[in-house]
Amino acid sequence: MNLDLRVISKCIRCGNCRAVCPVFEEEGWESANTRGRIMIIKSLANGHNQSPEVLESLNACTTCGLCIENCPAGINPPDLVEVARRELASLGIMTEVQVELHRNILGAGNTFGERLDRLAWLHDRRVLKKKADYIYFAGCLASFRNPEISSKAFEILSRFGATVLQNEQCCGSPLIRTGFDASPLIEHNLREIDRVGAGAIITGCAGCYTTLKNDYPSQIDIISISEFLADHLQEMELRRLNLQVTYHDPCHLGRMNKIYEKPRQLIEAICSFEEMVTNRKDARCCGGGGGVRAGYKDLSLRLARRRLDDIPQGVDCIITSCPLCLRNLSDVSNDKKVMDIVELVALSME
Ligand code: SF4
Ligand code: SF4
């Protein structure tokens, strides 16, 4: 297997990662924590255990990155998990959910296998420009499951001259995270981006953000929508809202890309803000990422419920900046509204 034993062998089995792994907190068995996963990956690298049983452990990692922050050996466990998933998938060792995801994305260009118009949220296609400085990249979730958010995001961004791709496809994140090659999608999107000639891509999805930024071989600037809007506060007419909110850091925006301050600046320009109990680099995961929501829904929602324990008293709603976090947290939140940061901005512009 193409797993680097030199990296894996750096693990001193201290268990620091075990103490923070949110999946271990739920499941309680060694193979469900980072250290157990590293041991499994080591045995795979040595040519053992190449069987579907190991998927229960490896595929239940949300790739949240909490373990990276706590590893004294400097290992990046989610990277190793992704490589191991890729190696297993290349041997045909994968779950039904992985097979379906792969089929949906390569067949229809989106995670859901939807054949509907990806741009149905755009009410008037005449506003699309062939050339523009900025491209708004909506992503699969916002395009098909949160069209009202895409619509609001684009309405705001079009004031700054943004357009969207005529034929956007999935950024490739779900494929990369679950062990597949995303190069057909990457090449397709790069061709579309080139046609527009933009200098930057703005996205409201944490998964798209990290993928466009770290997995695309492009020099183009990738900007999260909360960064962009925070940097253009003076150019927007925002009114204060009588709301007290908190903010959930999406793992792939916060820990993985260190975007912590701009979403907070944006929120504080609009309403009262209070931190969650764990926040920034220590923020708990919503449980949705790394293919866990798709593959292990019950576990995923239990992780989301844990995240709700971090909400400070007295807040009216939870703001986040990722449609997957939004979906997972909304599914378990009974009394608190969960809102995308774009919805908050749109509300303050009404
Ligand atoms: S914290 Fe790092 S070194 Fe310690 S057990 Fe986990 S992966 Fe190994
Ligand atoms: S990335 Fe998150 S879920 Fe995966 S092993 Fe590390 S702490 Fe656990």
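Ala, Val, Leu, Ile, Met, Phe, Trp, Tyr, Cys and Pro count as nonpolar, Asp, Glu, Lys and Arg as charged, and the others, Gly among them, as polar. This is a predicted model: local features need pLDDT of at least 70, side-chain atom pairs count only at pLDDT 80 or more, and totals for chains, interfaces and linings use all residues. Residues are numbered from 1 along each chain as its sequence is written, while chains are lettered from A and ligands numbered from 1 in the order in which they are written.

**Exercise 1. Describe the shell around ligand 1.**

Step 1. Find the residues near the ligand. A residue is near a molecule or strand if its C-beta atom, placed from the backbone, lies within 6 Å of it. Around ligand 1 there are 15 residues. Cys11, Cys14, Cys17, Cys71 and Ala73 are the closest.

Step 2. Sort them by class. Nine are nonpolar, four polar and two charged.

Step 3. Look for the main supplier. Helices (H or I, at least four residues) and strands (E, at least two) are DSSP runs, numbered from the N terminus. Helix 3 gives the largest share of this shell, three residues.

**Exercise 2. Do the same for ligand 2.**

Step 1. This shell has 15 residues. Cys21, Thr34, Cys61, Cys64 and Cys67 come nearest.

Step 2. The classes are ten nonpolar, four polar and one charged.

Step 3. Helix 2 (22-27), helix 3 (34-45), helix 5 (66-69) and helix 6 (77-90) each supply at least two residues.

**Exercise 3. What is the strand order in the open sheet that holds strand 1 and strand 2, and which strands stand at its edges?**

Step 1. Check for pairing. Two strands pair if DSSP finds at least two bridges between them.

Step 2. Read the order. The sheet has four strands in the order 2-1-3-4, with parallel pairing. Strand 2 (162-163) and strand 4 (221-224) are the edges. Each has a single partner strand, so one side of each lacks a neighbour in the sheet.

Step 3. Go through the pairs. Strand 1 and strand 2 are parallel, with two bridges. Here Tyr134 stands opposite Ala162 in strand 2. Helix 9 (residues 147-158) packs on this sheet. Helix 9 touches strand 1, strand 2 and strand 3 (200-203). Two residues are in contact if their C-beta atoms, placed from the backbone, lie within 7 Å. The direction of helix 9 makes about 170° with that of strand 1. Axes are lines fitted to C-alpha atoms, for helices over the stretch in contact, and angles run from 0 to 180 degrees between N-to-C directions.

Step 4. Move to strand 3. Four bridges join strand 1 to strand 3, again in parallel. Tyr136 has Ile202 as its bridge partner, and Ile135 stands opposite Ile201. Strand 3 and strand 4 are parallel too, over four bridges. Ala200 has Asp221 as its bridge partner in strand 4.

**Exercise 4. Which way do the residues of strand 1 point, and are they buried or exposed?**

Step 1. Set the cut-offs. A residue is buried if 20 or more other C-beta atoms lie within 10 Å of its own, exposed if 12 or fewer, and partly exposed in between; C-beta atoms are placed from the backbone.

Step 2. Apply them. Tyr134 and Tyr136 point one way, Ile135 and Phe137 the other, and all are buried. In a regular strand the side chains alternate between the two faces of the sheet.

**Exercise 5. Locate Thr111 and list its contacts.**

Step 1. Thr111 lies in the loop between helix 7 (96-108) and strand 1 (134-137).

Step 2. Thr111 is buried because 21 other C-beta atoms lie within 10 Å.

Step 3. Leave aside neighbours within four places in sequence. Thr111 then contacts Leu101, Asn104, Ile105, Cys140, Cys170 and Pro174.

Step 4. Compare sequence with space. Thr111 and Cys171 are 60 residues apart in sequence and 9.8 Å apart in space, C-alpha to C-alpha.
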